[in-house]
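Please look through the sequence and the structure below, and keep both in view while reading the paragraphs that follow.

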Amino acid sequence: MKKERPLILISNDDGIEAPGILSLVAAMDGLGDIVVAAPLHEQSAVGHAITMRDPVRARPWPFRGPSGHVTAYAVSGTPADCVKLAMDKLVPRQPDLVVSGINHGPNTAVNVIYSGTVSAATEAAILGIPAIAFSYCKWGSGGDFEASGRMARSVAKRVLEGGLQPGILLNVNIPDLPLADIKGCMITRQARSKWEESFAERMDPFDRPYYWLSGKFVNLDSGENTDLWAVDNGWVSITPIQHDLTAYSALEGLENWRWGDPAGENNT
Ligand code: MN
């Protein structure tokens with residue numbers, strides 16, 4: 001029996017018109033049938049938000065890849081909405097792979113938690129589909145997705161061939177370098193980091209203050225196996241991540257936290 005071609009669902013958080021999703025479609029060209037379901041408007045930093053109090057609409061979108069027409073939908077929701085809706089209503093069969101991106105800007109370290117790009121892939125992992133989030137580590141505007149696309153293709157091929165553990169997705173960050181200067185791919189862990197937030201305060205025309213988030217990214221981790229280290233040193237960072245947020249290392253030591261009376265007063 002002839003094996004069906006793989007089906008690859010593609011989403012992002014920069015929106016269906018972003019150059020990064022065009023690069024990702026080009027990168028997946030020939031690896032399988034492609035369906036795009038991406039937000040109509042940019043949804044960066046929405047995290048894993050979903051739309052519950054409004055309808056979600058999916059508009060067929062004229063999308064051209066390197067091999068011609070690609071089935072595509074612009075969705076009036078978040079990246080997680082896109083994958084949920086696509087899986088239920090838009091794809092002709094269960095996808096073999098869901099890829100998200102290529103995000104313009106890094107999703108390393110703590111940024112994973114805010115990322116809509118990662119959340120599209122996370123939603124796929126929740127639904128039991130192998131998934132990869134791709135980010136091009138370029139701050140500011142502009143740049144060239146060529147090398148990112150090439151690296152994305154090689155990671156996707158590997159996952160299509162070998163699969164992933166259930167519930168695990170890959171968060172891939174690609175340095176802003178020409179292909180010839182990229183050393184290769186390495187498995188990493190998420191670096192410890194934080195944002196030192198500062199809200200700029202300004203006045204609106206009615207003399208009321210308003211605030212605009214800005215901040216400084218701080219790396220708290222000197223490890224040489226982190227996502228930040230890899231990207232800073234010319235490697236493509238591949239971090240396996242999961243939506244099970246249980247802190248397994250904290251379970252031990254809390255095992256006595258089980259009591260029957262609501263106030264906990266008779267706990268011994
Ligand atoms: Mn984005």
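In this predicted model, a good place to begin is I10, which touches I21, L24, V25, M28, I34, V35, V36, A37 and V99, when residues up to four places away in sequence are left out of the count. I10 also belongs to the largest nonpolar core, a group of 36 residues in which I10, M28, V36, I132 and F134 touch the most other members. Helix α4, formed by residues 146–162, gives the most to this core, with 6 residues. Such a grouping fits a general tendency, since in soluble globular proteins nonpolar side chains tend to be buried together. A second core, separate from the one just described, holds 24 residues, including Y73, C82, A131 and I241.

The cysteines deserve a closer look. C82 is buried, because its relative accessibility is 0%, and C137 also counts as buried, with a relative accessibility of 12%. C137 takes part in no disulfide, and the nearest cysteine sulfur, which belongs to C185, is 12 Å away. The count of disulfides comes to 0.

Which residues coordinate the manganese ion? The ion is held by D13 and D14 through OD atoms, by S44 through OG and by N103 through OD1, at 2.1 to 2.3 Å. Along the chain, these donors follow the spacing D-D-x29-S-x58-N. Distant parts of the chain are linked in this way by D13, in the loop between β1 (7–11) and α1 (19–28), and S44, in the loop between β2 (33–39) and β3 (58–60), which are 31 residues apart. D13 is buried, with a relative accessible area of 3%, whereas S44 is partly exposed, at 31% relative accessibility.

Technical notes
Residues numbered from 1 in each chain as written. Predicted model: local features only at pLDDT ≥ 70, side-chain atom pairs only at ≥ 80, totals over all residues. Heavy atoms only, no water. Donors = N, O, S within 2.8 Å, 3.2 Å for Na, K, Ca; no water. Helix = DSSP H or I, 4+ residues; strand = E, 2+ residues; numbered from the N terminus. Buried < 20%, exposed > 50% of the residue type's maximum accessible area, 1.4 Å probe, protein only. Core = buried A, V, L, I, M, F, W, Y, C linked by side-chain atoms within 4.5 Å. Contact = heavy atoms within 4.5 Å. Disulfide = S-S within 2.5 Å.
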